[in-house]
Amino acid sequence: MPSDTRTVIVTGAAHGIGAGIARHLAHAGWSVACADSDADAVQKIATEIGGVGIGCDVGVESDVERMVAVARSRLGRIDALVSNAGISKFEPMATTSLASWNRVLAINLTATFLLARTLAADLKTARGAIVTIASTRAHMSEPDTLAYSATKGGIVALTHALAMTMAPDVRVNCVSPGWIDTGKHGPLKPSDHAQHPVGRVGRPDDIAAAVAYLLSEAAGFVTGAELVVDGGMTRKMIYT
Ligand code: NAP
């Protein structure tokens, strides 16, 4: 895609990893539409980076279509999508309601399909790219993470299915973060860092750098791939 007109929608951009991705891409010269259910917070990020802030529930089809229409009209064109918004819920199986299960699927998995479908013509014209955000929980689990883990495995598979469906015009790849500190869970302990083969917990910019690479021409021969960014944790054999 031409470097002077790069525009991208980043979902879940009000907080955490999504805010990091939006900032990183803006610093790299992208025009960024930041979409998030927290309309006030996403407007603050957009103002900070000179982008466009759009309130949107990515789990609702009509809201996705409205958000994309606003982004298209404000940015002029859409070259790329980073489908990052997600919710994480630990729920015992016995008390996980179907409504709760379906809500996690809507936000974490169905939203990426809706966004890709809505943006397909824009991205094809731009010969653009999509990056989805899965998780190392696509491959390994703790108890009581059924819906979340299912959606993240689904994102890895949806990513390669989209890559084949949208080829050759649009590349579609996924980043699977490990533990990324977004400040939500208080101060980290030295042991949190030490257990990682690289010696530290991840930061939003670790994921943003991977996303920027996958969106760039440097990744022109990469599609359908999953890039695991986890400080080596899923390669670490543990015997206690
Ligand atoms: P976060 O700090 O909770 O940020 C997620 C953002 O998405 C929030 O701004 C949230 O808004 C927004 N969001 C939630 N539901 C939405 C909806 N229906 N429509 C639009 N926006 C919505 O989470 P994060 O840790 O940065 O995670 C970002 C992505 O990385 C997620 O897909 C997550 O599964 C994945 N991930 C994170 C980690 C990690 O260690 N942090 C590891 C692996 C994968 P509200 O604040 O208003 O809810």
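Helices here are DSSP runs of H or I with at least four residues, numbered from the N terminus. The model described below is predicted.

**The ligand and its surroundings**

Three helices each supply at least two residues of the shell around the ligand: α1 (16-27), α4 (98-126) and α5 (146-166). The shell counts 28 residues, and those that come nearest to the ligand are I17, D36, N84, Y148 and K184. By class, the residues of this shell divide into 13 nonpolar, nine polar and six charged.

Polar backbone atoms of the protein approach oxygen atoms of the ligand at several residues. The table lists the distances.

| Residue | Protein atom | Ligand atom | Distance |
|---|---|---|---|
| I17 | backbone N or O | oxygen | 2.7 Å |
| N84 | backbone N or O | oxygen | 2.7 Å |
| I180 | polar backbone atom | oxygen | 2.9 Å |

Taken alone, the ligand exposes 880 Å², and 83% of that area is buried by the protein. I17 and N84, which appear in the table, are also among the residues that come nearest to the ligand.

**The largest pocket**

The place that holds the ligand is the largest pocket. This pocket contains about 1,600 Å³ of space. It is lined by 50 residues, of which I17, S88, Y148, I180 and H185 are the closest to its centre.

Which elements each supply at least two residues of the lining of the largest pocket? They are α1, β2 (31-36), α4 and α5. Of these, α1 gives the most, with three residues. The lining of the largest pocket divides into 19 nonpolar, 19 polar and twelve charged residues.

Some residues recur in these descriptions. I17 has a backbone N or O atom 2.7 Å from a ligand oxygen atom, and I17 is also one of the residues closest to the pocket centre. I180 has a polar backbone atom 2.9 Å from a ligand oxygen atom, and I180 too is listed among those closest to the centre. Y148 comes nearest to the ligand together with I17, D36, N84 and K184, and Y148 is likewise one of the residues closest to the centre of the pocket.

**The cavity**

How many cavities of 30 Å³ or more does the structure hold? There is one. The largest cavity encloses about 40 Å³ of space. Its lining is formed by K89, E91, T96, D144, L146 and A147. These lining residues divide into two nonpolar, one polar and three charged.

Notes
Residues numbered from 1 in each chain as written. Predicted model: local features only at pLDDT ≥ 70, side-chain atom pairs only at ≥ 80, totals over all residues. Heavy atoms only, no water. Near = heavy atom within 4 Å. Polar contact = N/O pair within 3.5 Å; in protein donor to acceptor, adjacent residues only side chain to side chain. Areas by Shrake-Rupley, 256 points an atom, 1.4 Å probe, with all protein chains shown as cover. 1 Å grid on protein atoms, 1.4 Å probe; cavity = no way out; pocket = protein on both sides within 12 Å on 5 of 7 lines; lining within 4 Å. Sits in = over half its atoms within 2 Å of the grid points. Nonpolar A, V, L, I, M, F, W, Y, C, P; charged D, E, K, R; others polar. Points joined across faces, edges and corners; volume = space filled by probe spheres on them.
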